[in-house]
Amino acid sequence: MAHFEKANSIGEWLDQRLAVETLKKVMQTEYWIPKNINFLWAMGMVLAATFGILVVSGIFLLMYYKPDTNLAFDSVNYTIMSEVGYGWLWRHVHGVGASLVFLIIYIHMFTGIYYGSYKKGRELIWLSGMGLFVAFSAEAFSGYMLPWGQMSYWAGMVITNLFSGGSLEAYGLVEWIRGDYVPADAFLTRFFMLHVFLLPLVIIGLIVLHFGTLRIPHVNNQDGEEFDYAEAAELYKAGKVKESKVIPFSPVFLSKDVFVMGVYFILFFYLVFYHFEFAMDPVNFDPADGLKTPAHIYPEWYFLWSYEILRPFSKDLGLVAFAIAQVIFFMLPFLDRSPNVAPASRRGLFKYWFWAMLIDVIVLTFMGKLPPTDALFANIGLVSAILFFVLWIALPFITKIEKKL
Amino acid sequence: MAKSEQGRRDFMGMALGGFTALGGIGALYAMKRSWDPLPSVKAAGFTTVDLSGAQPNVLNVEKWRGKPIFVLKKSKDMKTDPRDVVVGSDHFHVSIGLCTHLGCIPAYKPAEHKFLCACHGGEFDASGHQIFGPPPSPLEIPPFKVDGTKLVLGEAGPEYKKMLDAGLTV
Amino acid sequence: MKELKIFGIVAIFTLVLYWGVEPFAHSQMHKHVEGNGFVYDGKADIEEAKTAKKDEKAKAKEAFWANVAKVSKIKGDVAAGEAGFATCMGCHMEGGVNMGGVIPPVLDHAGALYSKNYLIALIKDPAMASNVDHKYADTMTHPMGSIKAMMADDQQIADVVAYLMAKKAGEVTTKEAFTEACSRCHAMRYAKTTQLGDTPTFKYEKDTLAHKIKVIDEQNLVKAYMGKLPPDLSIIIRARGHHFMETFVENPQSQLPGTSMPRVGLSHEGYEKVHAYMTEIGDPSKPAREELGPKVILFFIIFTGLAFLWKKSRWKGHY
C-alpha cells in the first residue's frame, strides 16, 4: 500500500489518488497545439460535440421508440412527435445532427487532405479517422432504417441487395444479412441493435484511438512546418507567449474552439427549427410498403457521391467500382508519394488534384440524387465517376514528380 | 476556479460558463419533460363504471390505473357505512382492491359479507374496514365522482372530498 | 483576413452542395404544377383532354362547364331548394349506408366548404365535376350518377345549391371540414378516426374487435370502389408538403394523372380549414417549434458573443 499524506484540498485529495494534476497538464494546460492554425482546426471538437448531441437526443428517442415493424413508424411519428414532452425537439435535433455530422466530417477530411495531415507520422490519425467515417456511415444507415418509412424500407432493400455480388448471385448471403427474404422485423431489430449498441461502442473506441494517434505527431499547422515542441513549450511557460509557436489546448485553443462551436450551433439550431426537410425527407413520412416502390428513391445526401459511382456502370463493374471507392481514401497516405507536408497551394500539381477531387465528388453528389433517366445527367455522372478513378490513378504519379519543398 | 496562466481570475470564462449552465438547465428541463407520463397515459387515468346493472352482494372488479377496483352493491340486510358511495337509494362499497398489508388482492366471501386476503390471512368487512390479521388500515377509496347512475373513477367529486376531509380515507 | 476567406470558401461550397441536392434536384424530380386558385371552371380538365388529343372529350367538357356557368347565373330560391334537398338527404345523412363503394358524405356545412360552381357541376354530372369520368364508360354508373336523371332541371339545381350556400353553411371547425370533405375515404389514425367516423373506446375487447371488423369491411368496399385503399392522412402534410397538397386536392389529376381520387370541390376557405386540420394532426409540434426556435437561436447568438470575448481574453498578447 502506497503512503498517503493528509490532503489540504479536494483537488489535492483527488490528485493523490487519480493524478488529476498530471492529467490536467497532459490533456489540457500543457497539451501543445501550434499557434499557426485556423478555424478549420476546430472541426474535430465540433464533431465531438455533435456526436454528444446525437447520443443525448438518441437516449430520449430510445425511451419511446418501438423496434417492431408494426409499431416503429407510429412510435416515432405519433408518440415521440406529439405525445412525448419535447419529443419533437429530440427527433429534429437527431435528424439534423445526423446530416450535419457528415458535413463537418467532409470538411474535416478535406482539411486534412489539403494540408497533408495524413503523412509523415500522421498515417494512423488518417486511418483511424477514415475508420470513424466508415463507422459513422454504418451508424447513419442503420439509424435511417429505424423509422420504417418508405425510404427506410427501400434503402434497406437496395443496399442489402448489393451484397448479392452481381454475377455471383449470392442471394443466400443477402437473406442471411436480412434475417428474412425481404427487409422485415428481423432486419429492423438487428439494425436497431447495431445503431443503439454495437456501433456507438465502436465509434467511441475509434475516437479514443483517433485522439491517441494525435498525441505523438501533434496536430498539423497551416504551413506543415515541423518544429521543436519542447523548445516552443519552454518559451510559452516562460511567459513569452507571443514568440512561442505553440499554445496550450486549455484554455487558449479551447476558447477559440468554443467560439467556432457557437457559430456552428447557431446554424445547427436554425436548421432544427426552421429548415429540416433536407434531413427528414418527406418520402420517409410514408409508412413502409413492400408492395410499392416510391417514384424517387435516393440515399441521404452524404452517400450520394458513392451511390453515383455505382450507377453508371454495368452491374459487376459498378459493384467493383463502388467497392474500390469505399476503401480508396484509406490508401491516401500510401498513394501520395511526395514527402512534402504543406498546404496544397504550394504542392504543384497536387493543388489541381485537390480542387478537382473536391469538385468531382460534389458533382457526383448532385448526379446521385437525380433520376438516371435523363441522358444529360447520366452522362455527367459517368464522366465524373471515371474522373474519380483517373484522379486516384494519377495521384502516385503526380506526387512522385513533386518538387521537394 | 478558472484561473489564467498569470493567476488572474478568468471572468469571461466564468461568465461564459455561467451562461452555458443556464442553457444546460433548459436542456435538463426538456429532458425531465420527456420522462413525464404521456398524455394518453394520464387520460387513461379515468374509468367510468355503469352502476345501473349491479347485483346486490355480487362483487364487480373494475380496472382503474392498472389497479383492481372493488364495486360492491350492498344488499338490504348489509350495514351501511359513512364510507359508502350512495347512488339514489343504493349503497355501494367502492375501494381499491389491494390489501393494505402488502398489496395482494383479497377475495370476497358473499356468504360472510367480508373480504379475505389469502397472502397473510387479513380480513376486511363489506365496508372495507380491517377486522382481522396484519392489515393496518381500511381499504383505500379511489377518487370518484357520481354522475347519475355512473361512477367516474379518477375524478375527485364532492362526495369523495367530504370523505377525505372526514378522514375516512387517505 | 485569411480566415474569413477560408470561411467564405467553405460556406460557398456548402451552399452550392445544398442547392444541388435540394432545390435543384427536387425541381428536376417534381415539375412545378400551377393550381387554379380553387376556381372550378373546367379549365384544367379541358386542357388535359386537348393535350391528350381526345377532341370529342374536350368538346364535351367545354359544353358541360359552359352549362354549369349558365346555371350559376340563375337566381336560386332557398325555400324551394330546401324541398329539393330532401332528395339528397336520402343518401347524405349522418350514419349513412355504403352506396356503391363509399358512404355518402354529410352535407351539414357544404355551403361553407365547397365552391358554388362545383356543387352545380356535381349535381349535373358527378363524374365530370370530380374529374374521374375517365373511369366510367357511362357516367350514370358513378355511385351518385343517378342524380343526373333525378335532378335535371336547371332552376331546381340552382335552388338546391342556393339552399346549401345559405342554410348549410355557417361556422365550421377544422375537424368538421376534414370529416365532411375527406374522411369517408381517408382514415386518420393519429386522430383516431376511420371511414366510419371517430373510433369509440370500448370496455370489452370483443367490442373493440367487432368495431375493427366493421371498419375493415367498410375499407374493403372503398378499396373495391377506388382500386386501392385511399391512404391514411395522419401525416400526409409532412409526406407531401403544402404546395403539393393544395394543387392535388384542387385537382388530383394534375399531380397524379389517372388517379381515381375525385376532385372534391373545396373552396379556398374550405381548403384552408382542411389544410389546418391536416397540419394540426400531422405537424402538431409546429406551434411549439415556432415558439421555442427564436429563443434557442438567441441563446446561441449570445453564447457566441460571450465565447468571442472569452477567446479574445485568453489570446491577449499571443500575437
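How many residue pairs are in polar contact between chain C and chain B, with both at pLDDT 80 or more? The count is 2. Keep in mind as you click along that this model is predicted.

**Stop 1: where chain C meets chain B**

Start by selecting chains B and C and showing the residues that face each other. You should find 10 residues of chain C in contact with 10 residues of chain B. Together the two chains bury about 980 Å², and 74% of that area lies on carbon and sulfur atoms. On the chain C side, show Phe299(C), Leu306(C) and Trp310(C) as sticks: these three lose the most area to chain B, and together they make up 48% of what that side buries.

Now look for charge. The interface of chain C and chain B has 1 salt bridge. Select Asp10(B) and Arg314(C) to see a salt bridge whose closest N and O atoms are 3.3 Å apart. If you colour the chain C side of this contact by residue class, you will get 7 nonpolar, 1 polar and 2 charged residues.

**Stop 2: where chain C meets chain A**

Next, hide chain B and bring up chain A. Here 52 residues from chain C and 62 residues from chain A take part in the contact. The two chains bury about 5200 Å² between them, with 74% of it on carbon and sulfur atoms.

How many salt bridges cross the interface of chain C and chain A? There are 4. For a salt bridge to zoom in on, pick Asp74(A) and Arg189(C), where the closest N and O atoms are 2.8 Å apart. Polar contacts across the interface of chain C and chain A come to 15 residue pairs, both residues of a pair being at pLDDT 80 or more.

Switch to a cartoon view to see which elements of chain C are involved. On the side that touches chain A, α1, α12 (236-240) and α16 of chain C each give two or more residues. The largest share of that side, 20 residues, is supplied by α1(C). Coloured by class, the side of chain C that touches chain A divides into 30 nonpolar, 10 polar and 12 charged residues.

**Stop 3: the second largest pocket**

Keep chains A and C on screen and centre the view on Val263(A), Leu267(A), Phe7(C), Val10(C) and Ala11(C). Of the 40 residues that line the second largest pocket, these lie nearest its centre. The volume of this pocket is about 1200 Å³.

Which helices should you highlight around the second largest pocket? In chain A, select α3 (43-62), α5 (87-115) and α11 (249-274); in chain C, select α1 (2-29) and α16 (286-315); each of them supplies at least two residues of the lining. The largest share of this lining, 11 residues, comes from α1(C). By class, the pocket lining has 30 nonpolar, 3 polar and 7 charged residues.

**Stop 4: a link inside chain C**

Over all chains, the count of salt bridges comes to 30. One to visit is the pair Arg263(C) and Asp45(C), with the closest N and O atoms 2.5 Å apart. Arg263(C) sits in the loop between α14 (252-255) and α15 (268-282) of chain C and Asp45(C) in helix α2 (residues 43-51) of chain C, so this pair ties together parts that are 218 residues apart in sequence.

Stay in the loop between α14 and α15 of chain C and select Val264(C). Beyond its neighbours within four places in sequence, Val264(C) is in contact with Tyr114(C), Tyr118(C), Ala181(C) and Val249(C). Measure from Val264(C) to Pro252(C), and the C-alpha atoms should be 9.3 Å apart, for residues 12 apart in sequence.

**Stop 5: backbone details in chain A**

Finish with a look at the backbone. Most residues other than glycine have a negative phi, and most peptide bonds are trans. Select Ser250(A) and Pro251(A): a cis peptide bond joins them, with omega about 0°. Pro251(A) is in helix α11 of chain A.

Then move to the loop between α9 (185-215) and α10 (229-237) of chain A, where you will find His218(A). His218(A) is not a glycine, yet it has a positive phi of about 65°.

Definitions and conventions:
Residues numbered from 1 in each chain as written. Chains lettered and ligands numbered in written order. Predicted model: local features only at pLDDT ≥ 70, side-chain atom pairs only at ≥ 80, totals over all residues. Heavy atoms only, no water. Contact = heavy atoms within 4.5 Å. Buried area = accessible area lost by both parts, 1.4 Å probe. Salt bridge = Lys/Arg side-chain N within 4 Å of Asp/Glu carboxyl O. Polar contact = N/O pair within 3.5 Å; in protein donor to acceptor, adjacent residues only side chain to side chain. Nonpolar A, V, L, I, M, F, W, Y, C, P; charged D, E, K, R; others polar. 1 Å grid on protein atoms, 1.4 Å probe; cavity = no way out; pocket = protein on both sides within 12 Å on 5 of 7 lines; lining within 4 Å. Points joined across faces, edges and corners; volume = space filled by probe spheres on them. Helix = DSSP H or I, 4+ residues; strand = E, 2+ residues; numbered from the N terminus.
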